[in-house]
Amino acid sequence: MASRIVIYEGAGQADFRRVDTKAGRTSSGVDYATINPKGLVPALRTDEGQVLTENAAILQYLGDCFAHAGLAPAGFERSLLQQWLSFIGAELHAAVFRPLLSPRAKREAKAFALEEAGKRLKYLDTYLDGREWLLDRFTVADAYLVVVLNWAQFVKLDLGRYRNITSFINRAKARPSVARAMEEETALSRAK
Ligand SMILES: N[C@@H](CCC(=O)N[C@@H](CS)C(=O)NCC(=O)O)C(=O)O
């Protein structure tokens with residue numbers, strides 16, 4: 001979903017393939033292990049045929065493809081962007097939402113993730129006070145952040161008490177790229 005948002009922000013085009021990660025197959029019947037042996041989505045095949053995995057890398061690559069859209073700034077701003085991509089990927093996606101979303105995670109793991117969520121969300125909420133986006137403009141990190149925060153509704157994690165996070169989500173969802181990507185991905189998951 002985050003990649004879709006960035007592609008739509010950049011007015012780019014991609015050939016999206018759905019992946020059944022449990023069965024390890026793409027919608028076109030390809031053994032997904034031949035594309036990403038880690039078995040995780042997303043994976044991106046570039047126009048040159050190279051394969052890239054991991055959200056942080058894919059999102060920056062896409063941001064650079066659509067340089068005109070300013071989605072992945074250069075210089076020190078790039079380091080700040082990487083700082084946020086790392087925080088979202090490791091501290092929110094992996095530490096909080098993976099255990100909360102996984103039916104295989106034990107009750108203790110979910111309780112620990114919820115405890116970790118509190119500290120991280122408080123930090124994020126304070127940071128977002130008076131800010132529209134993570135950096136000075138909408139970047140690939142905001143695309144990743146809105147996707148991850150959107151999972152809260154599926155795990156009954158109430159974000160309502162985080163005023164700035166809630167405004168961030170509403171602001172991001174009002175962008176045509178985010179609205180379109182969410183609508184398309186929701187339709188895909190309903191069609192499962
Ligand atoms: N570190 C990876 C994590 C990706 C990830 O967790 N993908 C999930 C979907 S959000 C997945 O493929 N899950 C399938 C599985 O665990 O089998 C990244 O940032 O790309």
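These exercises work through the ligand site, two helix packings and two backbone features of a predicted model.

**Exercise 1. The ligand shell**

Task: State which residues are around the ligand and how they divide into nonpolar, polar and charged.

Solution:
- Start with the list. The residues around the ligand are Thr 21, Leu 40, Val 41, Pro 42, Glu 54, Asn 55, His 93, Arg 98, Tyr 144 and Trp 151.
- Now sort them. Five are nonpolar, three polar and two charged.

**Exercise 2. Polar contacts and burial**

Task: Find the N or O atoms of Val 41, Glu 54 and Asn 55 that approach the ligand, then state what share of the ligand's area the protein buries.

Solution:
- Apply the cut-off: a polar contact is a pair of N or O atoms within 3.5 Å.
- Take the backbone pairs. Val 41 places a backbone N or O atom 2.9 Å from a ligand oxygen. Asn 55 also has a backbone N or O atom 2.9 Å from an oxygen of the ligand.
- Turn to the side chain. An N or O atom of the Glu 54 side chain lies 2.6 Å from a ligand nitrogen.
- Finish with the area. The ligand alone exposes 520 Å², and the protein buries 67% of that.

**Exercise 3. H3 against H4**

Task: Describe how helices H3 and H4 pack, and what kinds of residue make the contact.

Solution:
- Set the limits. H3 covers residues 76-101, and H4 covers 107-127.
- Read the geometry. The angle is about 145°, and the axes are 8 Å apart. The crossing is left-handed.
- Pick out residues. H3 contributes, among others, Trp 84, Phe 87 and Leu 92, while H4 contributes residues including Ala 113, Leu 121 and Tyr 127.
- Classify them. The contact has 16 nonpolar residues, no polar ones and four charged ones.

**Exercise 4. H2 against H3**

Task: Give the geometry, handedness and residues of the packing of H2 with H3.

Solution:
- H2 spans residues 55-65. The angle to H3 is about 145°, with axes 10 Å apart.
- The crossing of H2 and H3 is right-handed.
- From H2 come Asn 55, Ala 56, Leu 59, Gln 60 and Asp 64; from H3 come Arg 78, Leu 81, Gln 82, Leu 85 and His 93.
- These divide into four nonpolar, four polar and two charged.
- Cross-check with the ligand shell: Asn 55 and His 93 belong to this helix contact and are also around the ligand.

**Exercise 5. Backbone exceptions**

Task: Characterise the peptide bond from Val 41 to Pro 42 and the phi of Ala 11, and locate Pro 42 and Ala 11.

Solution:
- Recall the rule. Most residues other than glycine have a negative phi, and most peptide bonds are trans.
- The bond from Val 41 to Pro 42 is cis, with omega near 5°. Pro 42 sits in the loop between strands S2 (25-26) and S3 (43-45).
- Ala 11 has a positive phi of about 55°, although it is not a glycine. Ala 11 lies in the loop between helix H1 (2-9) and strand S1 (19-20).

Terms used. Residues are numbered from 1 along each chain as its sequence is written. This is a predicted model: local features need pLDDT of at least 70, side-chain atom pairs count only at pLDDT 80 or more; totals for chains, interfaces and linings use all residues. Side-chain values use heavy atoms; hydrogens and water are left out. A residue is near a molecule or strand if one of its heavy atoms lies within 4 Å of it. A polar contact is a pair of N or O atoms within 3.5 Å; within protein, one must be able to donate a hydrogen and the other to accept it, and residues adjacent in sequence count only if both atoms are side-chain atoms. Accessible areas come from the Shrake-Rupley method with a 1.4 Å probe; for residues, only the protein chains shown count as cover. Ala, Val, Leu, Ile, Met, Phe, Trp, Tyr, Cys and Pro count as nonpolar, Asp, Glu, Lys and Arg as charged, and the others, Gly among them, as polar. Axes are lines fitted to C-alpha atoms, for helices over the stretch in contact, and angles run from 0 to 180 degrees between N-to-C directions. Helices (H or I, at least four residues) and strands (E, at least two) are DSSP runs, numbered from the N terminus. A crossing is left-handed if the near helix is turned anticlockwise from the far one by less than a right angle, and right-handed if clockwise. Contact means heavy atoms within 4.5 Å.
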